[in-house]
Structure formats: structure tokens, C-alpha cells
Amino acid sequence: MKALRAIRAKAAEAFRARAGQAFCAGALAAAALLPWSATPATAQEWRGWNIHAADYPNGQGLDRFGQLVMERTNNRIRMRTYHSAQLGQQDEAIQQMRLGSIDFGNFNLSPFNNLAPSTNVVTLPFLFRNVAHSHAAIDGIAGEEIAKDLEAIGIIALAWYDGGARSVYSTRPIRTPADMRGLKIRVQTSDLWIDLMRALGANATPLPFGEVFTSLQSGVIDAAENNFPSYESTRHFEVARYYTTTEHSNVPEVLAVSQQRWRRLNEQERNIVRDAARESATLQRRLWAEREQVSRRRVEAAGVTVIELTDRTPWSQLMEPVYAKYAATPRLSGMVQAIRALP
Ligand code: BDP
């Protein structure tokens with residue numbers, strides 16, 4: 001990491017020296033070899049990461065973000081989102097954001113759990129009463145704390161996207177917590193998620209999102225958990241035919257920019273980028289609500305059995321150890337209390 005930083009710093013220095021001179025063909029050729037930093041302040045090219053397809057609500061949100069920034073900076077900041085995990089799976093992409101080789105992206109907050117303590121709070125099971133409650137938390141106190149923790153690891157939070165209610169889906173029907181016993185279930189890379197599944201008696205396996213389909217198909221795992229739009233768009237429903245509405249977590253998502261980029265922006269540019277991000281979140285949230293309905297209808301039409309839970313108490317009462325471990329410090333338990341107290 002240090003070595004990479006040193007190379008980047010050198011490249012930036014070399015570029016500044018070159019920029020002072022008249023551009024000659026040789027300098028332009030050299031700049032082409034240094035795509036990570038050799039961009040004149042007047043025209044930057046930003047690379048964005050998205051795990052989902054372009055037409056997914058998050059993909060549309062990211063494209064709107066890019067379009068607004070380009071328009072409002074008169075193309076001084078050019079933005080391109082690489083959809084469908086073209087720039088790698090989520091854990092690698094987070095590392096690349098921290099190094100500054102990916103400039104922006106939309107991430108679920110769970111893969112930050114082991115890196116940014118306050119993200120655990122909003123991952124906690126059965127914390128939010130409904131979507132409005134999760135918005136009140138993430139647009140307020142929870143968002144402020146998480147933004148501080150993300151900044152400490154080199155990531156600037158700009159806006160919050162909806163992550164939807166996550167539920168368990170499996171190759172066999174799950175009706176009660178007892179049905180979870182011994183189930184091999186995929187989770188995102190996060191200790192909290194492993195303990196959450198352990199509390200239900202299941203065996204959690206952290207795997208990249210892109211490996212879930214084949215892992216279900218080959219029997220490496222029996223189950224996974226996600227919202228209806230991801231279950232549908234990834235076609236996991238073709239191999240795991242039972243979806244149980246556990247709605248155990250509503251972990252939100254962040255639209256973020258790398259600190260390396262952020263540092264190089266002036267105040268006016270920062271305002272443009274932040275406003276564009278917030279506007280894109282408004283769009284994503286609207287599209288999200290629609291897509292949840294559409295995706296549910298699509299998987300039902302494809303013959304999936306949706307097992308509707310009305311009483312989630314038998315599930316939530318098993319979650320005490322997860323709260324005890326992941327909201328243990330005064331700061332984190334204070335956040336839980338403040339979120340619960342929200343109207
Ligand atoms: C989806 C999130 C995406 C995660 C994925 C997962 O939008 O960011 O990578 O779940 O479970 O709902 O890995």
C-alpha cells in the first residue's frame with residue numbers, strides 16, 4: 001500500500017512538472033501510461049464501481065449521479081460507472097476505493113462491518129421498524145457516525161441508498177428458526193453476519209456475491225439471504241426455490257467517493273458532487289420501492305414459493321447475543337438506543 005502510494009505520488013509530481021510545460025507528443029504518451037493520476041485538474045476522469053446491472057435501481061442512481069456531475073462541471077469531471085462488478089467483487093472494490101484506484105461506488109454497508117464499527121449498528125437484525133424508520137436513522141444520527149468511521153478508512157460518504165429488507169432463501173422450505181439448524185448459508189464478509197447465522201443455528205460461509213449462484217447450484221451452500229430485487233436479478237431464484245420473508249436486516253447502502261479524489265476537489269466542486277449524490281439517492285429510493293414489488297411478482301410468476309412470516313418474534317428473540325457483541329461499546333449501544341427512540 002505504501003509502495004503504491006509512493007508510485008502514485010511520484011506520478012502526480014511528474015505530471016505537475018509536465019503540465020507546466022507545453023504539451024508535447026511524448027508527454028501525452030507518458031500520461032496515457034499513468035491513467036490513475038495523470039489527469040489535468042481541468043478534466044478528470046472518474047471510474048465508478050457497481051456490483052449490479054446498469055438497469056438495477058442502484059445502477060440508474062449511479063448513472064444519474066455521473067450525469068449530474070458532468071453537466072454541472074461542464075464535463076470537467078467526467079464520470080463512468082462500470083456496472084455488473086466489472087471492476088471486481090465488493091471486498092476488492094473497497095480496497096481499491098481506499099487506494100484511490102476506484103473513484104466512486106455504491107456499497108452495501110455490511111462489508112464495512114469489520115472496518116468501520118458503526119456500520120455494525122445498522123446491520124443489526126430487526127432494528128428498523130420500517131423503511132421510514134431506516135431513512136430517519138441513516139439520514140440522521142446513524143449516517144453521521146458512519147460517515148466519520150468511513151472517512152477514517154479513506155472513504156467519503158455522500159448519500160445513502162436503500163438496501164431493502166433482506167430475507168432467507170433456500171433450496172428447502174424454511175418456516176421456523178429450527179429449520180435453520182445446520183443450514184449452509186452464504187453471507188457477506190462480516191463477522192456480525194457469521195454470528196447472526198450462528199445464533200440461528202446455521203453455518204455461515206462468507207462468499208462474494210458473484211459466486212452465490214454456482215455455489216447454490218453445486219450444493220456448496222443450501223441458502224443465501226437478500227432482498228427480492230437481488231434474488232431476482234441474479235437469478236438465484238432458479239436454484240433456491242423457497243423465499244421466506246424473515247426480513248431480518250435492512251442494512252442501508254452508501255454512495256461514496258474515495259478520499260484521494262475528494263482531497264483534490266475545491267469547495268464548489270464538493271458541493272456539486274454532494275448535491276448530485278443526494279439527488280441520485282432520491283431517484284434510487286423511488287426506483288427501489290417499485291423494483292421490490294416488480295421483483296417479487298417476477299419470482300412468484302416463475303414458480304418460487306414465498307413463505308410469508310407474520311410473527312417474527314421467534315426469530316428476533318434469538319438475536320440477543322448479536323446485540324450484546326456488536327453494540328457493546330457505549331458509543332454503539334448509544335446509537336442503538338437513539339435509533340430505537342426515533343419516531
Ligand atoms: C445486495 C447489495 C450488494 C451486495 C449484495 C450481497 O445491494 O451491494 O453486494 O446484496 O449480498 O443486496 O453481496
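Leaving aside its neighbours within four places in sequence, which residues is L124 in contact with? The structure that holds the answer is a predicted model, and a view of the whole chain is a useful start.

The protein chain has 343 residues, of which 52% count as buried. Its secondary structure consists of 15 helices and eleven strands. Contacts also link distant parts of the sequence: among those between residues at least 6 apart, 75% join residues at least 24 apart. The accessible surface of the chain is about 14900 Å², and carbon and sulfur atoms account for 52% of that surface.

In soluble globular proteins, nonpolar side chains tend to be buried together. In this model, the largest nonpolar core contains 56 residues. The members that touch the most other members are L109, F112, L124, L150, M180, M197 and V254. A second core, separate from the largest one, has 20 residues, including F104, V257, W262 and A277.

The opening question can now be answered. Beyond its neighbours within four places in sequence, L124 is in contact with L192, H248, V322, Y323, Y326, A327 and V336.

A loop offers another example. L87 lies in the loop between strand β2 (77–82) and helix α4 (90–99). Is this residue, L87, buried or exposed? L87 counts as buried because its relative accessibility is 14%, and the cut-off for buried is under 20%. With neighbours within four places in sequence left aside, L87 is in contact with R47, G48, W49, Y82, Q96 and I102. Of these contacts, R47 is 40 residues from L87 along the chain, and the C-alpha atoms of the two residues are separated by 9.2 Å.

How values were computed. Residues numbered from 1 in each chain as written. Predicted model: local features only at pLDDT ≥ 70, side-chain atom pairs only at ≥ 80, totals over all residues. Heavy atoms only, no water. Core = buried A, V, L, I, M, F, W, Y, C linked by side-chain atoms within 4.5 Å. Buried < 20%, exposed > 50% of the residue type's maximum accessible area, 1.4 Å probe, protein only. Contact = heavy atoms within 4.5 Å. Helix = DSSP H or I, 4+ residues; strand = E, 2+ residues; numbered from the N terminus. Areas by Shrake-Rupley, 256 points an atom, 1.4 Å probe, with all protein chains shown as cover.
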